[in-house]
Each structure stands twice: as structure tokens, then as C-alpha cells.
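The exercises below ask you to read a protein model step by step, with a worked solution after each task. Keep the structure in view as you go.

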Amino acid sequence: MTWKKFSGEIIQSSILEEVENAIIRETENGYKLKVCIGTDSQVKGAVTDFATVIVLLREHHGGFMYIHQEKSSQQVSIKERMLMEVQKSIETAYSICDLLDIYDVALEVHADINTSPSFKSNKALNDAMGYILSMGFIFKAKPEAFASSTCADKMVH
């Protein structure tokens, strides 16, 4: 899986190694970190563009992110697409959660799903929340889900 920095620079090492080096560097510089993971997607004709982000937040000092993008030509309903986004976020969270535990870094999984029933994405809210919470992760939906609704969103639009 190819990950890159916001600048577009491809990460040559594994994402696990990259995140660990970032945690060590940032904590040595005195920052308390939190990691937020989210995925967003955009349908463009017959193709759906997915972007998953790992956002490292420095308490009161901004943050930075790593991005993985992929495309799918599978035609799915909005609910299925929302759950595919959540699945990609969970897979990413699962791949780095042991590392975050070692360094005592908090983790949140963000879903780009609106809590208001008047939005189409809301159909997937209960399933997504159950999926994320059952995996033992902290769940955030819109408007608090900035990793998916702002950071990942920028990568697919």
C-alpha cells in the first residue's frame, strides 16, 4: 500500500515505521499527540476515488497527515460506499493501533457520515458506529469527524 505526505512525497518505508519515527520526533520536541484516521470518497463517473488519511495532531500546535489513495470501479449504494470508507479507516487503525498503544498515543476513527437524518449518508450511521466501536476504537461522526470530512475530503475533490 502506497502512502504519501501532503506534499505528494511518497513514503519509502512502511507506514508503521513512518508513524513511529514521527511519534518519536514529535514527542522529543515536547508535543502530546493524538491520531485521527478517516476516509472519504468521491464518485466520478464509473470510478470511485477513496482517500484514507492518518492525521497526527500536536496538541495546540497543528498537525500533519499521511494519505493513501485508491480507485474502485465497483458500483455500490451510498450506504455501501460509507461502510467501505469505514472499513478502510478501520483497517488502517488496526494496522497501527499496537504501535500507538506502545507510545500511549490516543486514536480516533472518523466517519464522513452526517448525524442528521436529512442527509443520505445518515443511513450508514448506526452500522458504521457499531463497526468502529465493536473494534474497540473511539468513533467520531460529522461535525467532529474532521479527518474524513475535511482532510481526506481535500484529497478526493
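**Exercise 1. Find which residues Thr-92 touches, leaving aside its neighbours within four places in sequence, and decide whether Thr-92 is buried or exposed.**

Solution. Begin with the contacts: once the neighbours within four places in sequence are left aside, Thr-92 is in contact with Trp-3, Ile-37, Thr-52 and Ile-54. Keep in mind that this is a predicted model. Next, place the residue, which belongs to helix 2. Finally, turn to accessibility: the relative accessible area of Thr-92 is 6%, and because buried means under 20%, Thr-92 counts as buried.

**Exercise 2. Carry out the analysis of contacts and accessibility for Ile-138.**

Solution. First locate Ile-138, which lies in strand 6, a strand that covers residues 138-140. Then list its contacts, again without neighbours within four places in sequence: these are Leu-107, Glu-108, Val-109 and Ile-132. The relative accessible area of Ile-138 is 48%, and since partly exposed is the class between under 20% and over 50%, Ile-138 is partly exposed. As a last step, look at a distance: Ile-138 and Leu-56 are 82 residues apart along the chain, and their C-alpha atoms are separated by 15 Å.

**Exercise 3. Describe helix 1, and explain on which side its buried residues lie.**

Solution. Start with length: helix 1 runs over residues 15-28, has 14 residues, and reaches 20 Å from its first C-alpha to its last, which is close to the 20 Å expected at 1.5 Å a residue. Then pick out the buried residues of this helix, namely Ile-15, Glu-18, Val-19, Ala-22, Ile-23 and Glu-26. They are on the same side of helix 1, because they cover an arc of only 135° around the axis. A general rule helps here: an α-helix has 3.6 residues a turn, so residues three or four places apart point the same way. Now ask what covers these buried residues; the cover includes strand 1, strand 2, strand 3, strand 4 and helix 2. To finish, look past the end of the helix, where Gly-30 follows with a positive phi near 90°.

**Exercise 4. Which backbone values of His-60, Asp-104 and the peptide bond from Lys-142 to Pro-143 deserve a second look?**

Solution. Recall the general expectation first: most residues other than glycine have a negative phi, and most peptide bonds are trans. His-60 is not a glycine, yet has a positive phi of about 65°; this residue lies in the loop between strand 3 and strand 4, and counts as exposed at 74% relative accessibility. Asp-104 also has a positive phi, near 55°; Asp-104 is in the loop between helix 2 and strand 5, and is exposed, with a relative accessible area of 66%. The peptide bond from Lys-142 to Pro-143 is cis, with omega near 5°, and Pro-143 is found in the loop between strand 6 and helix 4.

**Exercise 5. Work out what lines the largest pocket.**

Solution. The pocket holds about 190 Å³ of space. Its lining consists of 15 residues, and those nearest the centre are Asp-40, Ser-41, Met-82, Asp-112 and Lys-142. Two or more lining residues come from each of strand 2, helix 2 and helix 4, and helix 2 gives the most, with four residues. Sorted by class, the lining has three nonpolar, six polar and six charged residues.

Notes. Residues are numbered from 1 along each chain as its sequence is written. This is a predicted model: local features need pLDDT of at least 70, side-chain atom pairs count only at pLDDT 80 or more; totals for chains, interfaces and linings use all residues. Side-chain values use heavy atoms; hydrogens and water are left out. On a 1 Å grid over the protein atoms alone, a cavity is a set of points where a 1.4 Å probe fits but cannot get out, and a pocket is an open set with protein on both sides within 12 Å along at least five of seven lines; lining residues have an atom within 4 Å of a point. Grid points are joined across faces, edges and corners, and a volume is the space filled by probe spheres set on the points. Ala, Val, Leu, Ile, Met, Phe, Trp, Tyr, Cys and Pro count as nonpolar, Asp, Glu, Lys and Arg as charged, and the others, Gly among them, as polar. The expected span of a helix is 1.5 Å times one less than its number of residues. Buried means under 20% relative accessible area, exposed over 50%, partly exposed in between (1.4 Å probe, protein chains only). The arc is that of the directions from the helix axis to the C-beta atoms. Contact means heavy atoms within 4.5 Å.
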